[in-house]
Amino acid sequence: MKKSGSNKASAQRLQHAPLATPTDLDARATRDVSGAMNAILADVFALYLKTKNFHWHMSGPNFRDYHLLLDEQGDQLFAMTDPIAERIRKIGGSTLRSIGHIARLQRVDDNDAEYVEPADMLAELREDNKALAARLREAHGVCDERHDIATASLIEEWIDETERRTWFLFETSRRGDSSGH
């Protein structure tokens, strides 16, 4: 009898034990990089949902092109989420746990308007992506300070992808003349 009681107590202790992923980064590096990347993750989730919102509510003469562009961009954003969260865990941090947690950390403004003009959707997403690129650069700086080369390397790819989304949104919304300018 005593043995099963001690097994139960041991199992309960394990359920409440901190996550202790082994890493050669020190505790300060884990804390700082995890904090920076959790904020990035919250921003990416918020931007993903905003992009899908605009994708779902797009209308007008360029509907098909814009709808497909935003669907592609939403897929790119969603594809970032798991690698970000897994990287945080690999270095010994814990990551987002809920929609509420995302809401507390996100820096991307929501847009719950009933109707948004297509040009305004593109402009808003362009600015949000531009801001995300700047925040990714800030997070890269944290990684550099804490000698986390692997996270910095991932961030470099995400900056390039984010700049590409920004560029596409900019070019799509330009009103060029016949010379292309």
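**Salt bridges and a helix pair**

Aspartate 148 and arginine 87 are both buried (under 20% relative accessible area, with over 50% counting as exposed and anything in between as partly exposed; 1.4 Å probe, protein chains only). The two form a salt bridge, with the closest N and O atoms 2.9 Å apart; the term takes a side-chain nitrogen of Lys or Arg within 4 Å of a carboxyl oxygen of Asp or Glu. This pair links distant parts of the chain, 61 residues apart: aspartate 148 sits in the loop between H5 and helix H6 (149-173), arginine 87 in helix H3. Helices here are DSSP runs (H or I, at least four residues), numbered from the N terminus.

The model is predicted, so local features need pLDDT of at least 70 and side-chain atom pairs count only at pLDDT 80 or more, while totals for chains, interfaces and linings use all residues. Residues are numbered from 1 along each chain as its sequence is written, and side-chain values use heavy atoms, leaving out hydrogens and water.

The salt-bridge count comes to 12. Another one joins aspartate 43 to arginine 135 (3.8 Å, N to O). Aspartate 43 belongs to helix H2 (residues 27-56) and arginine 135 to helix H5, so this pair ties together parts 92 residues apart in sequence. Both aspartate 43 and arginine 135 are buried. Arg31, Asp32 and Arg146, for their part, are linked in a salt-bridge network.

As for helix packing, Tyr66, Leu70, Gln73 and Leu77 in H3 meet Pro118, Leu122, Leu125, Asn129 and Leu132 in H5, contact being heavy atoms within 4.5 Å.

Terms used. Helix = DSSP H or I, 4+ residues; strand = E, 2+ residues; numbered from the N terminus.
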